[in-house]
Amino acid sequence: MIIEAGLTRYETVNSEIEKQLEKQNKVTVKDVNGQRYIGCALDEGKTVEVYGTPGNDMACYLNGGRVVVFGNCQDAVGNTMGGGEIVVHGHSGDALGYGMRDGQIYIRDNVACRGGIHMKEFRQMRPVLVIGKNAGSFLGEYMAGGTIVLLGLGMKRGEKLFGTHCASGMHGGKIFVRGTFPKENISQNIKVQSLDDNDKKELDEYIKKYCKYFDADYKEIMSKPFKKLVPATSRPYANLYTPN
């Protein structure tokens, strides 16, 4: 089923998507022009393909479904998602994966500010965010769990892998970074470590999926070393609330 979004209001577009998904498991939405909330709370076994530029909160509260975007996205993609998968053949705006609790997001290109903030995990619920190019400031801010992978592909001379205040307030989870990166932009609360065998096995899974989705060169990606950013403490602001 193909839905032509055009200049139709987002309420009408989303209503039609929900109506069609009651009859089938996959819907394609074309000519998307900033309509918000596409794929919101999509359940497992359901897929929405998007052609164009979806608006804010695409796939928010994703509940096991799959959303694939052939284009760029605006802000808050995967907001508070609880499972499923998002694949974006382009770049994403601010607050990508805000508060995500589970599931995986693959972004072919870059991410703006505050990607992966407030990510968290619980038991088997472990969110993953893979970014192909670079990220803006405050990547992984207040991160409490999960994994972010930053590949630095296709960067031009002078571009930095991430902006300022990376992992500010991070107290859980990990960030895998490929190649060289601006250490002065990392929060003082963060340790830079080499990958152990479990890290390498986990990372390999995500890299292979990225290559599959975006036809990337696995050998090229793995030709540069990775480092792991982890919090030095689970209470980065403890000294602000308790006496020394």
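In this predicted model, the side chains of Glu202 and Tyr206 are joined by a polar contact of 2.8 Å. Glu202 sits in helix α2, which spans residues 197-214, and its side chain makes a further polar contact, of 3.0 Å, with the side chain of Thr147. Beyond its neighbours up to four places away in sequence, Glu202 touches Thr147, Lys174 and Phe176. Two of the strands that α2 lies across are β8 (144-150) and β9 (172-178), so it is worth turning to the sheet as a whole.

The sheet is open and has 11 strands, in the order β1-β2-β3-β4-β5-β6-β7-β8-β9-β11-β10, with mixed pairing. At its edges stand β1 (2-4) and β10 (190-193); each has a single partner strand, so one side of each lacks a neighbour in the sheet. From one strand to the next, the twist averages 15°. Strands β6 and β7 (residues 128-131) run parallel and are joined by 4 bridges; within this pairing, Gln104 has Val128 of β7 as its bridge partner. Helix α1 (residues 10-21) packs on the sheet, where it touches β1, β2 (26-33) and β3 (47-53), and its direction makes about 165° with that of β2. Helix α2, for its part, lies across β4, β5, β6, β7, β8, β9 and β11 (226-231), and runs at about 55° to β6.

What of the nonpolar interior? In soluble globular proteins, nonpolar side chains tend to be buried together. Here the largest nonpolar core has 46 residues, and those with the most contacts inside it are Val29, Met58, Ile86 and Ile175. A second, separate core of 19 residues includes Val128, Val149, Cys211 and Phe226. Returning to Ile175, its contacts outside the four places on either side in sequence are Leu139, Gly140, Met143, Ile148, Cys166, Ala167, Met170, Lys227, Lys228 and Leu229.

Cys166, one of the residues in contact with Ile175, is buried, with a relative accessible area of 1%. Cys113, by contrast, is partly exposed at 32%. Why is Cys113 without a bond to another cysteine? The closest cysteine sulfur, in Cys166, is 12 Å from that of Cys113, which is too far for a bond, given that a disulfide requires sulfur atoms within 2.5 Å. Cys166 likewise is in no disulfide, its nearest cysteine sulfur being that of Cys113. The disulfide count comes to 0.

The loops hold some backbone detail of interest. Most residues other than glycine have a negative phi. Two residues of the loop between β4 (63-70) and β5 depart from this sign: Ala76, with a positive phi near 60°, and Thr80, with a positive phi of about 55°. Ala76 is buried, with a relative accessible area of 12%, whereas Thr80 counts as partly exposed at 23%.

Thr80 is also among the residues touched by Tyr98, which is found in the loop between β5 (82-88) and β6 (102-107). Leaving out residues up to four places away in sequence, Tyr98 touches Val77, Gly78, Asn79, Thr80, Ile117 and His118. Is Tyr98 buried or partly exposed? Its relative accessibility is 34%, so Tyr98 counts as partly exposed. Tyr98 and Gln35, 63 residues apart in sequence, lie 19 Å apart in space, C-alpha to C-alpha.

How values were computed: Residues numbered from 1 in each chain as written. Predicted model: local features only at pLDDT ≥ 70, side-chain atom pairs only at ≥ 80, totals over all residues. Heavy atoms only, no water. Buried < 20%, exposed > 50% of the residue type's maximum accessible area, 1.4 Å probe, protein only. Contact = heavy atoms within 4.5 Å. Core = buried A, V, L, I, M, F, W, Y, C linked by side-chain atoms within 4.5 Å. Polar contact = N/O pair within 3.5 Å; in protein donor to acceptor, adjacent residues only side chain to side chain. Pairing = 2+ DSSP bridges. Axes fitted to C-alpha atoms, helices over the stretch in contact; angles between N-to-C directions.
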